[in-house]
Amino acid sequence: MSSTRAEIFEKVRAKYIGLLTSILWKLTGDRELFTEAMQYALLGIWQHLGKLNSKKAHVYIYRIALSANSTAWRNRIGRDGQLSSNQSGFEKSPEDKLDRDEIAILVRREICRLPTKQAKAIVMRYLEQQDYQAIAGKISCTEASARSHVSKALATLKSRLTALT
Amino acid sequence: MKSEKIEEILKNIGNNDVPADVHKIAEDVSNDFSKTSTQPGHIVLGDYIMKSRFTKLAVAAAVIIIAVVLSINFWDKSIPTASATQILQDAINAVSDLWSVHMKARMRTLPRDNFSNIGLNYDFVEIEMWKRINADRQVQWRVEKPGRVLLMDGQKTIMFIRPNYGVLEERPLPLGCFDSWSGRLLNVHDLLDNELQNAKNNPDREIYLWHEEVEGRDKLMLEVEAMTYLSEDDYLRNKFIQDSNHVKVYQFDAKTKLLEGLQVYVHTTDEDVLIFEVTDIEYNMEIDDSNFALDFPEDMIWHRKPEILPDNERYEKMTPKEATETFFQACAEENWEEVLKFWTASGIDDRLKAYLGGLEIISLGEPFQSEGYSRLGWFVPYEIRLKSGEVKQHNLAIRKDNPTNRFVVDGGL
């Protein structure tokens with residue numbers, strides 16, 4: 001590894017660690033998942049240093065965070081996000097008993113399965129509490145498109161949540 | 001909770017400030033990564049992730065414990081209260097380098113039933129559990145009771161219900177899957193960490209910690225109460241550990257701080273019933289490879305997800321009672337093709353055919369639901385006369401939370 005690459009990594013790390021921590025904590029809400037997602041995010045930064053040393057770095061940071069979050073969740077729950085039931089006794093699925101915390105876990109889990117742009121938009125809008133103008137700027141689309149991404153993401157989440165509860 | 005509240009849930013998630021210990025975890029992970037990735041000569045990032053997945057919990061848990069303020073009552077005044085968190089931290093540190101665990105326990109359950117199924121009047125059934133990190137750094141584990149085995153060999157997860165029923169997932173699932181409550185005990189880190197998190201999130205929850213001498217050895221005992229949200233008259237109340245009000249009593253060796261035991265007592269109006277007890281724990285021992293492999297009989301029947309039927313709509317329209325009647329009537333007529341429409345398996349086992357074939361429906365009661373079960377699931381009271389002459393009264397569990405939107409039998413036979 002060249003020292004230049006190490007220096008760039010340190011610079012990017014210092015600049016975005018706060019943002020990454022905030023996004024990943026809100027997306028995971030769980031220290032074990034968070035730790036794992038953070039590891040994958042750092043690996044993502046390392047692998048995409050070139051893009052993160054450009055003007056569009058903030059866009060890639062969100063992509064890296066969402067990808068890292070998805071990988072961490074997938075490691076925990078499996079690719080399709082479901083645990084199986086069996087036939088013999090009545091097996092209570094993970095969705096059988098839903099309290100407020102469990103619903104939040106389901107929502108977080110479903111966010112990581114949204115299409116990339118919708119996931120970015122929903123994270124920026126609700127988890128980072130940004131306005132649509134800022135979201136549009138960051139994901140390079142019109143304000144109307146940003147609203148559309150958020151709206152579609154909400155509809156998808158509602159639909160999936162309804163199916164699960 | 002209504003799905004309309006999704007925006008509110010998202011806002012609440014967004015309003016979550018990052019706790020101080022999480023910032024510390026981020027900093028530690030980040031520094032660790034930075035040091036690893038900037039080592040000259042060899043950069044093994046994939047390896048870093050692999051290693052960290054097995055060691056990170058110790059770091060995270062230790063950080064958490066420092067930050068946690070517990071409501072702890074000390075019964076033994078010889079231990080200063082201020083050292084309570086330190087004792088718990090020591091317990092987590094003591095298991096931070098584990099690469100294998102072997103646990104024996106006993107539980108009031110049915111040998112073939114769900115792993116977390118309990119009955120206050122049931123006899124004790126032996127449970128044995130193994131977990132290890134193998135030479136390829138894969139986690140492997142096995143949870144077993146006489147009629148049921150749950151195995152994750154690092155690649156796939158299998159639940160084997162003796163003699164010949166199996167559920168196969170071609171991926172590693174976490175401990176606790178298939179409702180294997182006791183399996184979670186193998187994750188000693190998580191076990192302790194979860195208790196601490198629960199204590200932190202529920203300030204009113206009581207935790208007691210005290211010294212006790214057991215067989216001449218000094219022990220630390222940690223007692224934690226857990227409450228169910230199910231009402232007293234709910235059908236599933238006290239049928240699963242998590243659906244009961246219970247107390248967990250952890251036992252640590254005072255010197256090594258290793259977890260050495262756990263007892264679970266279910267509270268009833270009259271008494272506390274011992275429902276689960278760890279009888280032996282070994283750490284870092286060699287576990288034979290054969291423990292992480294299973295042999296199956298030739299007449300194996302595998303779990304299969306329900307598929308859309310050509311006349312699926314007819315079954316979708318059925319009420320819980322109609323579905324139950326159709327199922328039992330098919331059994332009565334020994335129409336196994338019809339029975340299979342309600343059965344999520346590759347076939348109907350001959351033993352089941354012999355048991356249910358030719359039955360007579362005596363009566364069906366009014367279906368009811370439980371807060372502890374699927375919202376698309378019902379229990380239908382039934383009374384049937386089996387071909388053997390035996391009369392059986394029970395509640396058939398059926399549910400339609402599957403893509404076919406028709407009822408399938410989930411238990412209660």
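These are questions about how terms are applied to chain A of a predicted model.

Modeller: Residues are numbered from 1 along each chain as written, with chains lettered from A and ligands numbered from 1 in written order. In this predicted model, local features need pLDDT of at least 70 and side-chain atom pairs pLDDT 80 or more, while totals for chains, interfaces and linings use all residues.

Colleague: What makes up chain A, helices or strands?
Modeller: Chain A has eight helices and zero strands. Helices are DSSP runs of H or I with at least four residues, strands are E runs of at least two, and both are numbered from the N terminus.

Colleague: Why is Thr28(A) called buried?
Modeller: A residue is buried if 20 or more other C-beta atoms, placed from the backbone, lie within 10 Å of its own, exposed if 12 or fewer, and partly exposed in between. Thr28(A), in helix α1 (residues 3–28), has 25 C-beta neighbours inside 10 Å, so it counts as buried.

Colleague: Which residues is Thr28(A) in contact with, leaving aside neighbours within four places in sequence?
Modeller: They are Leu33(A), Phe34(A), Ala37(A), Asn69(A), Ala72(A) and Arg108(A). Contact means that the C-beta atoms, placed from the backbone, lie within 7 Å.

Colleague: Why is α6(A) described as largely enclosed by the rest of the structure?
Modeller: Ten of its twelve residues are buried, so that description follows. Among them are Ala121(A), Ile122(A) and Tyr126(A).

Colleague: What span is expected for helix α6 of chain A, at 1.5 Å a residue?
Modeller: The expected span is 1.5 Å times one less than the number of residues. For the twelve residues of α6 (residues 116–127) that gives 16 Å, and the helix reaches 15 Å from first C-alpha to last, close to expectation.

Note on methods. Contact = placed C-beta atoms within 7 Å.
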